[in-house]
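This report describes selected features of one protein model for a reader who is new to structural work. Please keep the sequence and the structure in view while reading.

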Amino acid sequence: MSDPTANVTDWTSVGRYGASPPGVMLAEATFTAAWNLQGDTSRAPFGGEANRLFDLALPTAPNTTARRAPLTALWLGPTSWLIVASEAHALTDFAAKRDALNAAGGALFDVTASSIGWSVGGPRAETVLAKSCPLDFHARSFADGVCAQSVLGHVNALYYRRNTELFTMLVARSYARGAWKTLCRSALQYGYDVLPPFAF
């Protein structure tokens, strides 16, 4: 039997696939910059300098996020965060900020080019993600604003729950096509719409 997802070449193939009405929505989650910030918020002057530079209080509880549109900070570990900008003006002057954070005992890395993001929404979003990931995506365990690192199949992935029915996930750009095909195969039985890109 042929694979109905074989003709879905990438995430720009806008349209409806599988059953109708669809239970899943897929779309590229675009961002203009993604910076990895590292440091110890409990030590001065790093914590204060990071808050000043980004005008955003970094989340310190495991697997939490902080959002001040158009910036989102995702907790990666006790001393590491991913800061994602959905608009170009939100993260600028990388070299100056890197130098300021270095002087404050931290570090900053531009990882914009290394990742790609997708939004997964609709009433079957939790089920589709759970097919290829061991995380429990039910709202009781994975509430709004939660993020977690895990896998999508054999690919490392970072998951973020924007709201009740919308997740955003990031994977390494080099694995994008394989991860995308995994999403499409998992969503096919419920039907899915591929929508034009929208901001992270």
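In which loop is the place of Pro70? Pro70 sits in the loop between β4 and β5, where helices (H or I, at least four residues) and strands (E, at least two) are DSSP runs, numbered from the N terminus. This is a predicted model, in which local features need pLDDT of at least 70, side-chain atom pairs count only at pLDDT 80 or more, and totals for chains, interfaces and linings use all residues. Residues are numbered from 1 along each chain as its sequence is written, and side-chain values use heavy atoms, with hydrogens and water left out.

## Backbone features in the loops

The peptide bond that leads from Ala69 to Pro70 is cis, and its omega is near 10 degrees. A cis peptide bond also joins Ser20 to Pro21, with omega near 5 degrees. Pro21 belongs to the loop between β1 (15-17) and β2 (24-30).

Two aspartates call for attention because of their phi angles and their exposure. Asp55 has a positive phi of about 50 degrees although it is not a glycine. Asp93, likewise a residue other than glycine, has a positive phi near 55 degrees. The terms for accessibility are as follows: buried means under 20% relative accessible area, exposed over 50%, and partly exposed in between (1.4 Å probe, protein chains only). The table sets the two residues side by side.

| Residue | Loop | Phi | Relative accessibility |
|---|---|---|---|
| Asp55 | between α1 and β4 | about 50 degrees | 52%, exposed |
| Asp93 | between β6 and α2 | near 55 degrees | 55%, exposed |

Asp55 comes just after α1. Its C-alpha atom is separated by 15 Å from that of Arg98, which is 43 residues away along the chain.

## Helix α1

Helix α1 covers residues 46-54, and its buried residues are Phe46, Gly47, Glu49, Ala50, Leu53 and Phe54. Seen down the axis of α1, these residues fall within an arc of 165 degrees, so they line one face of the helix; the arc is that of the directions from the helix axis to the C-beta atoms. Gly48 and Arg52, on the other side of α1, are exposed.

The buried residues of α1 pack against β3 (33-38), β4 (65-68), β5 (71-77), β6 (80-85), α2 (94-103) and β7 (107-110). Contact here means heavy atoms within 4.5 Å.

Is Glu49, in helix α1, buried or exposed? Glu49 counts as buried because its relative accessible area is 17%. When neighbours within four places in sequence are left aside, Glu49 is in contact with Ala100, Leu101 and Ala104.

## The cysteines

A disulfide is a pair of cysteine sulfur atoms within 2.5 Å. How many disulfides does this rule give? The count comes to zero. The closest cysteine sulfur to that of Cys133 is in Cys147, at 13 Å, which is too far for a bond. Cys147 is accordingly in no disulfide. Cys133 is buried, with a relative accessible area of 6%, and Cys147 is buried at 0% relative accessibility.

## Pro123

Pro123 lies in the loop between β8 (115-121) and α3 (125-130). This proline counts as exposed because its relative accessibility is 64%. Apart from residues up to four places away in sequence, Pro123 touches Gly23 and Glu165. Pro123 and Leu166 are 43 residues apart in sequence, and their C-alpha atoms are 9.2 Å apart in space.

## The largest pocket

Pockets are found on a 1 Å grid over the protein atoms alone: a pocket is an open set of points where a 1.4 Å probe fits, with protein on both sides within 12 Å along at least five of seven lines, and lining residues have an atom within 4 Å of a point. Grid points are joined across faces, edges and corners, and a volume is the space filled by probe spheres set on the points.

The largest pocket has a volume of about 330 Å³. Its lining is made of 18 residues, of which Ser115, Asn156, Leu158, Leu170 and Ala172 lie nearest its centre. The elements that give two or more residues to this lining are β3, β9 (147-152), β10 (155-163) and β11 (166-172). The most comes from β10, with four residues.

The lining divides into 11 nonpolar, seven polar and no charged residues. In this grouping, Ala, Val, Leu, Ile, Met, Phe, Trp, Tyr, Cys and Pro count as nonpolar, Asp, Glu, Lys and Arg as charged, and the others, Gly among them, as polar.
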